[in-house]
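User: I'd like a close look at just one part of this model: pick a helix-packing spot and tell me how its neighbours fit around it. Keep it informal, but give me the cut-offs.

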Amino acid sequence: KEDSPPALAVLGVPVDAEMIERGAGLYAESCASCHGADLEGQPDWRRRLDTGRMPAPPHDETGHTWHHADQQIFDITKNGLASVVPGYESDMPVFDSILSDAEITAILGYIKSTWPEAIQQRHDTLNQQYRPSQ
């Protein structure tokens, strides 16, 4: 259909209702305790904690998750923030031995599915332009 928006995808994997449902459940189990049940992030997420680390940001359209390409978000989730920003200290756990690649992708699909269409399109453009630094 000509008027249809482009299909939603994460890392080239189409996001469908099954992925969204699975991702929502996994998000609730593994992410919501810090990033919020409604993807709202921790209070004052832009202000450093007493430890010097940053609170968990929102994953909804008010945060900056959508400013990063799928691959960067995937890498941060799987291998920790220091894998993308060397030396960066974060309270976020490394999920490599906790979640499979498919589970991380499902969570990202769920998160992306909650963004307004205009944000999804901007994010898709960012994904097309992304070139890993390695």
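Analyst: First, the naming: helices are DSSP runs of H or I with at least four residues, strands are runs of E with at least two, and both are numbered from the N terminus. Keep in mind that this is a predicted model, where local features need pLDDT of at least 70, side-chain atom pairs count only at pLDDT 80 or more, and totals for chains, interfaces and linings use all residues. Residues are numbered from 1 along each chain as its sequence is written, and side-chain values use heavy atoms, with hydrogens and water left out.

Let's settle on α4 and what surrounds it, coming in from the α5 side. Gln120 sits in helix α5, which covers residues 117-129. With a relative accessible area of 15%, Gln120 is buried (buried is under 20%, exposed over 50%, partly exposed in between, using a 1.4 Å probe and protein chains only). Its contacts, leaving out residues up to four places away in sequence, are Leu8, Lys112, Ser113 and Trp115, where contact means heavy atoms within 4.5 Å. One of those partners gets a polar contact too: the Gln120 side chain reaches the backbone oxygen of Lys112 at 3.1 Å. (A polar contact is an N or O pair within 3.5 Å; within protein, one atom must be able to donate a hydrogen and the other to accept it, and sequence-adjacent residues count only if both atoms are side-chain atoms.)

Lys112 itself belongs to helix α4. Despite the charged side chain, Lys112 counts as buried because its relative accessibility is 1%. Beyond four places in sequence, Lys112 touches Leu8, Ala9, Val10, Asp70, Gln120, His123, Asp124 and Asn127. Among these, His123 is joined to Lys112 by a side-chain polar contact of 3.2 Å. There's also a long-range pairing to look at: Asp60 is 52 residues from Lys112 along the chain, yet their C-alpha atoms are separated by 8.3 Å.

Now the helix-helix geometry. Two packed helices are described by the angle between their axes and the distance between the axes. Here the axes are lines fitted to C-alpha atoms over the stretch in contact, with angles running from 0 to 180 degrees between N-to-C directions.

Take α3 (residues 70-79) against α4 (residues 101-113): the axes come within 10 Å and cross at roughly 125°. The two helices are therefore oblique to each other; under 35 degrees would be roughly parallel, over 145 roughly antiparallel, 65 to 115 roughly perpendicular, and the rest is oblique. The crossing of α3 past α4 is right-handed, meaning that the near helix is turned clockwise from the far one by less than a right angle, while anticlockwise would be left-handed. On the α3 side, the contact uses Asp70, Ile73, Phe74, Thr77 and Lys78, and they meet Asp101, Ile104, Thr105, Leu108 and Lys112 of α4. By class, this contact has four nonpolar, two polar and four charged residues (nonpolar is Ala, Val, Leu, Ile, Met, Phe, Trp, Tyr, Cys and Pro; charged is Asp, Glu, Lys and Arg; the others, Gly among them, are polar).

As for α3 on its own, seven of its ten residues are buried, so it is largely enclosed by the rest of the structure. The buried set is Asp70, Gln72, Ile73, Phe74, Ile76, Thr77 and Lys78, and these pack against β1 (9-10), α4 and α5. Right after α3 comes Gly80, with a positive phi near 95°.

Then there's α1 (residues 17-30), which packs on α4 at an angle of about 100° with the axes 7 Å apart. That angle makes α1 roughly perpendicular to α4. Met19, Ile20, Arg22, Gly23, Ala24, Leu26 and Tyr27 of α1 form one side of the contact, and Ala102, Glu103, Thr105, Ala106, Ile107, Gly109, Tyr110, Ile111 and Ser113 of α4 form the other. Sorted by class, that contact holds ten nonpolar, four polar and two charged residues.

Back in α5 for a last stop: Ile119 is in this helix and is buried, with a relative accessible area of 11%. Ignoring residues up to four places away, Ile119 touches Glu61 and Trp66.
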